[in-house]
Structure formats: C-alpha cells, structure tokens
Amino acid sequence: MLPNLTFDLWIGLHDTDKDFQWLQKKPLKYVNWAPGEPSGQHSSPAPNELVNCVVIWHALHPQFTGRWDDRSCMTDKNGYICQRSKDPTLPPTPAKFPPLLTSMLTYLNSTYRVIQKPLTWQEAAWLCETRNETLVTVVDPYHQAYLTQLMNSVQLPLWIGLSNEEGGRSYSWLGGEQLFYTNWQDGEPQQVLGCAHMDLDGTWQTANCDTKLTGAICRVGGGRTGWGILHPVLASSGDSPQVPGAELAIQPIKSTP
C-alpha cells in the first residue's frame, strides 16, 4: 500500500488515560513505534477525550517507513485506513499473507526462492548462482515488509546477500548495490567480519560466514555475481535444481516491467 502513497495514514490506535488502545478495545499485543515515539506531546483537560492518535509514517527516510507516530487527533490531517468485518455471505478468498511456501512469490519488481537446507553463506551464494540467481538484496522497507511475512511462515533464519568477509569498512551487498536501507536488529551488526541473515522476525543479524544456517533467500533473475565455477561442496553432493528433495523452493515467475 505505502509505495503508492505520499502521505501518512491514520490507524485505529489512540491514547486514553495515558495508555494507547485500539478503537475496537482489542489488547495492544504488537507495536511498531518510530524511535522516540510515542511522544504524547498533546494533552487535554477533558477526561477520556481523544488527544494523541497514531499514524503510519510514509517517512522521507526509508528506514522509518511503516513505523508509528502519535499526532494530535484534532488538528492534524492525514489519510486513513478503514477496516471492516468479512461479509459472511461472500465466498472466502485465499489469504495472501503469510505467503505459502509452495506458492510462487512475486512482489513489485522482485521474485524470490527460498532454499531450506543447511548451508554456509558461501554455499548459499553459490547455490543461488547455479540457477542464475543471487542471494537476496533488500533495497527498501516495502520489500522488507514482504520478506518479514515470509519469515513468519518459514520460522527459520535464512542467509541474505549482505556480508563483510574481506574486512571492509562496512557491510555490502553481494550484487554491488549500495547499502541505503538497513533493518538490523538492535545491537547489530555485532561482528566486524561476518555475513548477515534474516531472523524469524525479519530483522537482520550477523554470524560467522562458515556457520551452517537452515537456508537462504535467492532473488530470481538476479544474474551471476562472477564467482565462476560451482562450489566444490555442492558439486560433490550432486545438488542441482533438478535434485528431488534437495530444497523446498518458492519459484515465482519473473515479472516483466
């Protein structure tokens, strides 16, 4: 939704008696506040009056797009998101989230494949390359949000194409893209030399590149990285796109512009 908008959006969260709650009175089990929020800077002498209401940011800085901020309920003007109950007379529609691991996954201009097998970061990079793909690059909060839904389904840490194997000044993407957007877990990156993976909540963590994690995310149609030949460990194991049971794959068809 947010990629097509240029304004912030009201959601049904507000504060009453200094505690934030949903209009539907449902318990507040999940929050996504921007840094320093909620500020609670507005006040009213009237009891139980709506004072601070919450928007989803369409931030100028992509790091905070999708985060929450509290604003004056009465003076601020923003767009809004409405929600309604399902009509019981209508047939059920297939749920899009979380994505099914047996389905094709395409989001905007990207398509993804998930590999589920024990792999080091280098093995994962080479296995993606054998399919003319690359370990995934996450360039903005919109693709990150989609992959976070994917991680909620997989429930396994997966390698991504971010590393600092050679002792550079910072982490960089395998495909050469600049690191404009990040989604590091608090306290990360902890390792000066290492490779990055996406954790179960979608945040990024560092690990030793030789650690065998439970899989990786490849970007379909990512092209070769110029590494050359097939990794010897993978070649000796006979792993290839045609090997049955070698992986559980998500194989969306590449979208065309």
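Contact here means heavy atoms within 4.5 Å. Keep that in mind for the close-ups below, which show a predicted model.

**View 1. Cys218 and the residues around it.** Cys218 sits in strand S13. With a relative accessible area of 0%, Cys218 is buried. Who are its neighbours? Not counting residues up to four places away in sequence, Cys218 touches Thr111, Tyr112, Arg113, Ile115, Cys128, Glu133, Thr134, Leu135 and Val136. Take Val136: in sequence, Cys218 and Val136 are 82 residues apart, yet their C-alpha atoms are 5.0 Å apart in space.

**View 2. Helix H2 from end to end.** Helix H2 covers residues 141-154. At 1.5 Å a residue, its 14 residues should span 20 Å, and the end C-alpha atoms are 19 Å apart, which agrees. Is H2 buried or exposed? Of its 14 residues, 10 are buried, so the helix is largely enclosed by the rest of the structure. Look for Pro141, Tyr142, His143 and Gln144 at the start of the buried set, then Tyr146, Leu147, Thr148, Leu150, Met151 and Val154. These buried residues pack against several strands, including S6 (105-107), S7 (110-115) and S9 (158-164). Strands S11 (194-198), S12 (204-207) and S13 (216-219) are also among their packing partners.

**View 3. Asp140, the cap on H2.** Asp140 lies in the loop between strand S8 (134-135) and H2. Zoom in on its side chain: one oxygen lies 3.1 Å from the backbone nitrogen of Tyr142, and in this way Asp140 caps the N-terminal end of the helix. The Asp140 side chain also reaches the backbone nitrogen of His143, at 2.8 Å. Which side chain of opposite charge is nearest to Asp140? That's Arg219, but it is 11 Å away, and Asp140 has no salt bridge even though it is buried.

**View 4. Leu147 and the nonpolar cores.** The largest nonpolar core has 23 residues, and Leu147, Ile160, Leu162, Trp204 and Ile217 touch the most other members. The elements that give two or more residues to this core are S6, S7, H2, S9 and S11. Which element gives the most? H2 does, with 6 residues. Now pick out Leu147: leaving aside neighbours within four places in sequence, it is in contact with Tyr112, Val136, Val138, Met198 and Ile217. There's a second, separate core too, with 16 residues, among them Ile115, Ala125, Leu135 and Cys195.

**View 5. Two cis peptide bonds.** The bond from Glu37 to Pro38 is cis, with omega near 0°. You'll find Pro38 in the loop between strand S2 (19-22) and strand S3 (52-56). Another cis bond runs from Glu188 to Pro189, again with omega near 0°. Pro189 has its place in the loop between strand S10 (172-173) and S11.

**View 6. Lys25 and Gln155, with positive phi.** Lys25 isn't a glycine, but it has a positive phi of about 65°. Its home is the loop between S2 and S3. At 61% relative accessibility, Lys25 counts as exposed, because exposed means over 50%. Gln155 isn't a glycine either, and its phi is positive at about 60°. You'll meet Gln155 just after H2, in the loop that leads from H2 to S9. At 42% relative accessibility, Gln155 counts as partly exposed.

How values were computed. Residues are numbered from 1 along each chain as its sequence is written. This is a predicted model: local features need pLDDT of at least 70, side-chain atom pairs count only at pLDDT 80 or more; totals for chains, interfaces and linings use all residues. Side-chain values use heavy atoms; hydrogens and water are left out. Helices (H or I, at least four residues) and strands (E, at least two) are DSSP runs, numbered from the N terminus. The expected span of a helix is 1.5 Å times one less than its number of residues. Buried means under 20% relative accessible area, exposed over 50%, partly exposed in between (1.4 Å probe, protein chains only). A polar contact is a pair of N or O atoms within 3.5 Å; within protein, one must be able to donate a hydrogen and the other to accept it, and residues adjacent in sequence count only if both atoms are side-chain atoms. Lys and Arg count as positive and Asp and Glu as negative; His and the chain ends are not counted. A salt bridge is a side-chain nitrogen of Lys or Arg within 4 Å of a carboxyl oxygen of Asp or Glu. A nonpolar core is a set of buried Ala, Val, Leu, Ile, Met, Phe, Trp, Tyr and Cys residues joined through side-chain atoms within 4.5 Å.
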